[in-house]
Number of protein chains: 2
Amino acid sequence: MLNQKAYQSLSHTFQRLHRFGHLGAIAGWDQAAMMPPKGNEARAAAQAELQVLMHQLITAPQLQEQLQAAEQEDLDPAQRANLREMRREWQQANLLPAELVEAKSLAAARCEHAWRSQRKDNDWQGFLANFREVLRLAREEAALLAQINGVSRYDALLDKYEPGMKSADIARIFDDVKSWLPGLIEAVRAKQAGEAVIQPTGPFPVALQRDLGLEVMQLLGFDFDAGRLDVSNHPFCGGVPEDVRITTRYREDDFVQSLMGIIHETGHARYEQGLPRQWVEQPVGRARSMGIHESQSLSFEMQLGRSRGFLELIAPLIRRRFGDQPAFEADNLARLYTRVEPGYIRVDADELCYPAHVILRFEIERALINGEIEAEDVPALWDEKMMAYLGIDTRGNYRDGCLQDIHWTDTFGYFPSYTLGAMYAAQYFAVLRRQEPNLDARVAAGDLSPVFDWLQAHIWSQGSLWTTDELVRRATGEALNPAHYRAHLEARYLA
Amino acid sequence: MLNQKAYQSLSHTFQRLHRFGHLGAIAGWDQAAMMPPKGNEARAAAQAELQVLMHQLITAPQLQEQLQAAEQEDLDPAQRANLREMRREWQQANLLPAELVEAKSLAAARCEHAWRSQRKDNDWQGFLANFREVLRLAREEAALLAQINGVSRYDALLDKYEPGMKSADIARIFDDVKSWLPGLIEAVRAKQAGEAVIQPTGPFPVALQRDLGLEVMQLLGFDFDAGRLDVSNHPFCGGVPEDVRITTRYREDDFVQSLMGIIHETGHARYEQGLPRQWVEQPVGRARSMGIHESQSLSFEMQLGRSRGFLELIAPLIRRRFGDQPAFEADNLARLYTRVEPGYIRVDADELCYPAHVILRFEIERALINGEIEAEDVPALWDEKMMAYLGIDTRGNYRDGCLQDIHWTDTFGYFPSYTLGAMYAAQYFAVLRRQEPNLDARVAAGDLSPVFDWLQAHIWSQGSLWTTDELVRRATGEALNPAHYRAHLEARYLA
Ligand SMILES: [Zn+2]
Ligand SMILES: [Zn+2]
């Protein structure tokens, strides 16, 4: 008889947490996609009550003992990995004093609320007043977590989204990118200057866009018996692994963005739908990290979705809805979807300029948290880096500069995940293309199975069984290597 | 300083219950209206976890003491009413031993599951095997509750849906109905035999039906900022008072049923939307009873929705969607919506035949619970009563006879609510029409405010401040009086 008493007790607690989390996830999706405005107050109260309950469950005094005791029990490797992830979740909830959590949440709410109008008003000074307090508390949190975990302060926050990742490694990788990205952008822009891109002619009725999106999701293997597509202001992938809810938003004058957005969210969704079912109620059954999650959406959106084969595959589907326009030739679609143009706004950035936006934010937030710069230093640094990386002048334009993102009203350490995801995706596809040299032809013919099979076997089915580094090594045979990312970008944009 | 310590503590517990109930209600709506099939297992587990939690909260040992202590505290009348309703909810959850609750739920699940195929197969003997156990446990429950509350066994179950209502009063009222209903049905059928009714010509596209339904809901004052209309297999009114979710189902070959179904659910919805907002998180802020809830849906569906004025009001809206058919003249719509034809199935019954179905079930379930008859006696009694009340022969046809409803797989005491609701509605409108003799003309002109204002003032805003009897007396000046119901039916069907 195996000794697993403490482990089984923990397992039961985390199962309850998962089930309460299910209700919170569905209520959250509903709030964004379905709920009428007057439901907001009651929903917020109900969600807060659920949060209090879940916090009580995971801060119950017996858990610490059980986590300790379970370390000595007879666990198989998957259970041991689950115990590691339980401890992570427990730490996230238990390491900070309640007063700090409370203070952070108040400061964040105040800062975010004011930011909504301050951004419109280009009011950096107004934002700064609240931002100082947010930063002070984030530094306090970082110092506390850093001391407990024996890492640097910024790394302590980074660890929430990218467990095990060190900012020194990110800095090394991003420095590499910085060494070639501005030159690459310049070369690509010179090359594209002579290319004619035909714009599609609208309008593109919402019902047809939705229909197209659904067919493309079908092609991408989304399981409609275990999920839905709906509309929300800010597209996301939510719900639960057993029932994944993705959203998009439509504009009648442009279908290109919504379609690629659906492809992106479908990548997130298939990761969730493909997570190991026998572990679905336990921490080890969850997605590995934010960066790995983004690597799935970007595998779909950037690697597969903008590939020549895929554009050939969907061109007829687009024509069927919106008419036989020359803009819908695969060649032109490829030019449309790979157009490079540096701009102010991260979320509107193209594949090539996007990492510049991320690196800039990483460098600034790391220096902020580690105390090397102060809140008031942000705009000058922003201007300097935008000019250096993208040749764009943002002086005095806070609205489209350092005020554009919501993240810093309460989150530091998240930005790197976006570009790490893009890099992991490039690395997967380097392997995939080596294994299947005819990938584009197969995709163009509608056979996407090599991509799905590989991701299912190496990423989706693995949940959180391994650390991120182990996961990537097992999948690709090496640690994260930005050379694949560079090679991908050069092949796509300079070929 | 008021002494309300126990009361405030109870109030906090019931607020938490309300908020958890909110999540359960939205998840329940989602399950019926949105959820893809593979979400079912995880959703059931999450809902069950929530039920366990809520049961723990309301069976916590300190509640009994607090309920006792609060009786002695300084409470205003509304708080005192709230305390009364708290006690009711507490009793529902605490009076039965856990083993009985467990046994009931297992027997019900087994009986209902088998019933789904047994009904199709006309298999009364198969049903009987499970039904005996369901009945045995229901009698055990009834005996227990009867002893504690000092009422008869059937009344103890009835009290769950119609607090304070006695079956002797219902029997007296239903006996009155039985004395004139069969004769009235006969007279109406003779009168209608000579009338020509023109059937609308379809198809009626779902999008147009939905559009029509939404416009009619708008006319009926449904607040779309605090609720939605969606589709489900079994139409219902769910969600929470702050965000009411109603559903319907569409058939391309018939818009008449779906439209009237929407009007019915909108009646339920406005009750919920009109409940006293300052009490929304407390038991006293909830709807009074099942019968009163049904009195709202039937005020909308039967009293208002089938009234001459209302049919004149909506005739042009119907024509605008489905063309200028002679079937859509108000005269013909009135004939369509008041056609009387006895049939086997309760849920398909017209306004006039419906009470016969209910009285039959009330008489049988009351005798079953009180031990006057046994499970195997049901079919013979069913046949006898269907013949006596509606002149319909159901012998050997269990499928369309005693196997047609799901209720008896776990619920006894609910059926009277349907007809009590119809009677309350008739009684309200007797008052309303006395106060506003031009009601039909005002309604035809689009002014429905007399109906809404009266229901808001006398029913919706009153929540559970009063007992049902008090509520009805305050609203109409007298206790439930079936004479109004008879007068309404005679006026509508024999005039
Ligand atoms: Zn994403
Ligand atoms: Zn109803």
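In which loop of chain A is A:Pro203 found? In this predicted model, A:Pro203 is located in the loop between helix 8 (167-193) and helix 9 (206-219) of chain A, where helices are DSSP runs of H or I of at least four residues, numbered from the N terminus. The peptide bond that joins A:Gly202 to A:Pro203 is cis, with omega about 0°. In chain B, a cis peptide bond with omega about 0° likewise joins B:Gly202 and B:Pro203, and B:Pro203 is found in the loop between helix 8 (167-193) and helix 9 (206-219) of that chain.

Residues are numbered from 1 along each chain as its sequence is written, while chains are lettered from A and ligands numbered from 1 in the order in which they are written. Local features need pLDDT of at least 70, side-chain atom pairs count only at pLDDT 80 or more, and totals for chains, interfaces and linings use all residues, with side-chain values based on heavy atoms and with hydrogens and water left out.

The relation between the chains was examined by superposition, done by least squares on the C-alpha atoms of residues with pLDDT of at least 70 in both copies. A turn of 180° and a shift of 0.0 Å along the axis lay chain A on chain B with an RMSD of 0.1 Å. The two copies are therefore related as by a two-fold rotation axis. Among the residues of chain A, A:Leu23 comes closest to this axis, its C-alpha lying at 3.2 Å.

The zinc ion (ligand 1) has as protein donors A:His264 (NE2), A:His268 (NE2) and, through two entries for OE, A:Glu294, at 2.1 to 2.7 Å. Donors are N, O and S atoms within 2.8 Å of the metal (3.2 Å for Na, K and Ca); water is not among the atoms, so sites may look incomplete. In sequence, the donor residues of ligand 1 show the spacing H-x3-H-x25-E. A:His264 and A:His268 both belong to helix 10 (residues 256-274) of chain A, where they stand 4 residues apart, about one turn of the helix. A:His264 is buried, with a relative accessible area of 11%, and A:His268 is buried at 9%; buried denotes under 20% relative accessible area, exposed over 50% and partly exposed in between (1.4 Å probe, protein chains only). The arrangement around ligand 1 is irregular because its 4 donor atoms subtend angles of 49 to 125°. Four donors count as tetrahedral if all angles lie between 85 and 135 degrees; four count as square planar and six as octahedral if opposite donors are over 155 degrees apart and all others between 65 and 115; anything else is irregular.

In chain B, the zinc ion (ligand 2) is coordinated at 2.1 to 2.8 Å by B:His264 (NE2), B:His268 (NE2) and B:Glu294, the last listed twice through OE. Angles among the 4 donor atoms of ligand 2 run from 48 to 124°, and the site is irregular. The donors of ligand 2 follow the spacing H-x3-H-x25-E along the chain. Distant parts of the chain are linked here, as B:His268 lies in helix 10 (residues 256-274) and B:Glu294 in helix 11 (residues 290-304) of chain B, 26 residues apart. B:His268 and B:Glu294 are both buried.

The structure contains 8 cavities of 30 Å³ or more. A cavity is a set of points, on a 1 Å grid over the protein atoms alone, where a 1.4 Å probe fits but cannot get out, and lining residues have an atom within 4 Å of a point. Grid points are joined across faces, edges and corners, and a volume is the space filled by probe spheres set on the points. The largest cavity holds about 60 Å³, and its lining includes A:Trp115, A:Trp124, A:Asp405 and A:Trp408. Helix 6 (residues 124-149) of chain A contributes the most to this lining, with 3 residues. The lining of the largest cavity comprises 8 nonpolar residues, no polar ones and 1 charged (Ala, Val, Leu, Ile, Met, Phe, Trp, Tyr, Cys and Pro count as nonpolar, Asp, Glu, Lys and Arg as charged, and the others, Gly among them, as polar). The second largest cavity holds about 50 Å³, with B:Trp115, B:Trp124, B:Asp405 and B:Trp408 among the residues that line it.

Notes
Helices (H or I, at least four residues) and strands (E, at least two) are DSSP runs, numbered from the N terminus. On a 1 Å grid over the protein atoms alone, a cavity is a set of points where a 1.4 Å probe fits but cannot get out, and a pocket is an open set with protein on both sides within 12 Å along at least five of seven lines; lining residues have an atom within 4 Å of a point.
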